[in-house]
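Here is a short briefing to read alongside the sequence and the model. Keep the 3D view open, and follow the topics in whichever order suits you.

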Amino acid sequence: QVQLVESGGGLVQPGGSLRLTCEATGRIFRISTMSWFRQAPGKERELVATLYEDFTTKYLEPWNGRFTISRDYADNTWILQMHDLKPEDTAVYYCNADVFGSRISNSQNFWGRGTQVTVSS
């Protein structure tokens with residue numbers, strides 16, 4: 001089994017920065033896709049950023065440096081660096097990954113339990 005654990009959430013003032021980390025542990029041969037989603041109260045979960053194996057990325061909004069996804073291959077960890085945070089960024093942030101358990105297995109999709117990000121003065 002694979003577990004994803006997020007960390008780094010918290011309360012930050014508008015304009016501030018936060019760095020979210022997701023660590024994957026368990027039976028992992030390869031992680032093909034790493035993502036961050038968020039869900040605000042009363043809203044649907046939405047994709048914030050995805051990092052693919054070929055190093056391409058996809059973001060909720062055209063990349064302007066506010067959110068950046070990156071990966072630490074050595075530790076099966078990926079990061080969401082967030083700058084210039086706004087109150088509308090307040091949400092529970094979840095990490096998500098497509099994981100291959102072995103060379104011959106199909107990938108499975110896993111979710112973390114989420115970390116709260118609150119942007120407020």
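**The disulfide and its surroundings**

A search of the whole structure, which is a predicted model, turns up 1 disulfide. Cys22 and Cys95 form this link, with their sulfur atoms 2.1 Å apart. From there, the briefing moves to the core, the strands and the rings.

- Cys22 belongs to strand S3 and Cys95 to strand S9, so the disulfide ties together parts that are 73 residues apart in sequence.
- The link between Cys22 and Cys95 is right-handed, with 55° about the S-S bond.
- Are the two cysteines, Cys22 and Cys95, buried or exposed? Both Cys22 and Cys95 are buried.

**The nonpolar core**

- The largest nonpolar core has 29 residues, and those touching the most other members are Leu4, Trp36, Ile69, Trp78, Leu80, Met82 and Tyr93.
- Strands that each supply at least two residues of this core include S1 (2-7), S3 (18-26), S4 (30-39) and S5 (46-52). S7 (67-72), S8 (77-82), S9 and S11 (115-119) also each supply at least two.
- Which strand gives the largest share of this core? That is S9, with 5 residues.
- Tyr93 is found in strand S9, and Tyr93 counts as buried because its relative accessible area is 0%.
- Leaving aside residues up to four places away in sequence, Tyr93 touches Glu6, Leu20, Trp36, Phe37, Arg38, Val48, Phe67, Leu80, Met82, Gly114, Thr115 and Val117.
- Tyr93 and Val48 are 45 residues apart along the chain, and their C-alpha atoms are separated by 8.8 Å.
- Leu80, with residues up to four places away in sequence again not counted, touches Leu18, Arg19, Leu20, Trp36, Val48, Ala49, Phe67, Thr68, Ile69 and Tyr93.

**Strand S4 and its partners**

- S4 is mostly covered, with 8 of its 10 residues buried.
- On one pairing, S4 runs antiparallel to S9, and 9 bridges join these strands. Arg30 stands opposite Phe100 of S9.
- S4 also pairs with S5 in the antiparallel sense, over 6 bridges. Two examples of facing residues are Arg38 opposite Glu46 in S5 and Phe37 opposite Leu47 in S5.
- The hairpin of S4 and S5 has 6 residues between the strands, and Gly42 there takes a positive phi near 80°.
- Ser32 has its place in strand S4. Why does Ser32 count as buried? Its relative accessibility is 12%, and the cut-off for buried is under 20%.
- The contacts of Ser32, not counting residues up to four places away in sequence, are Leu51, Tyr52, Glu53, Asp98 and Phe100.

**From S5 on to S6**

- S5 and strand S6 (residues 57-59) run antiparallel and are joined by 3 bridges.
- The bridge partner of Ala49 in S6 is Tyr59.
- How many residues lie between S5 and S6 in their hairpin? There are 4, and Phe55 in the turn has a positive phi of about 75°.

**Aromatic rings**

- The structure holds 2 aromatic pairs.
- Tyr94 and Trp111 form an edge-to-face pair, 6.4 Å centre to centre and with 85° between the planes.
- This pair links distant parts of the chain: Tyr94 is in strand S9 (residues 91-100), while Trp111 is in strand S10 (residues 107-111), 17 residues apart.
- Burial differs in class across the pair: Tyr94 counts as buried at 13% relative accessibility, whereas Trp111 counts as partly exposed at 38%.
- Ring pairs join Phe37, Tyr94 and Trp111 into a cluster.

**Charges over rings**

- The charged end of Arg30 sits over the ring of Phe100, 4.1 Å from the ring centre. These are the residues that stand opposite each other across S4 and S9.
- Arg66 lies over the face of Phe67, at 4.7 Å from the ring centre. Phe67 also appears among the contacts of Leu80 and among those of Tyr93.

How values were computed. Residues numbered from 1 in each chain as written. Predicted model: local features only at pLDDT ≥ 70, side-chain atom pairs only at ≥ 80, totals over all residues. Heavy atoms only, no water. Phe/Tyr/Trp six-rings, centres within 6.5 Å; stacked < 30°, edge-to-face > 60°. Buried < 20%, exposed > 50% of the residue type's maximum accessible area, 1.4 Å probe, protein only. Lys NZ or Arg CZ within 6 Å of the ring centre and 35° of its normal. Core = buried A, V, L, I, M, F, W, Y, C linked by side-chain atoms within 4.5 Å. Contact = heavy atoms within 4.5 Å. Pairing = 2+ DSSP bridges. Disulfide = S-S within 2.5 Å.
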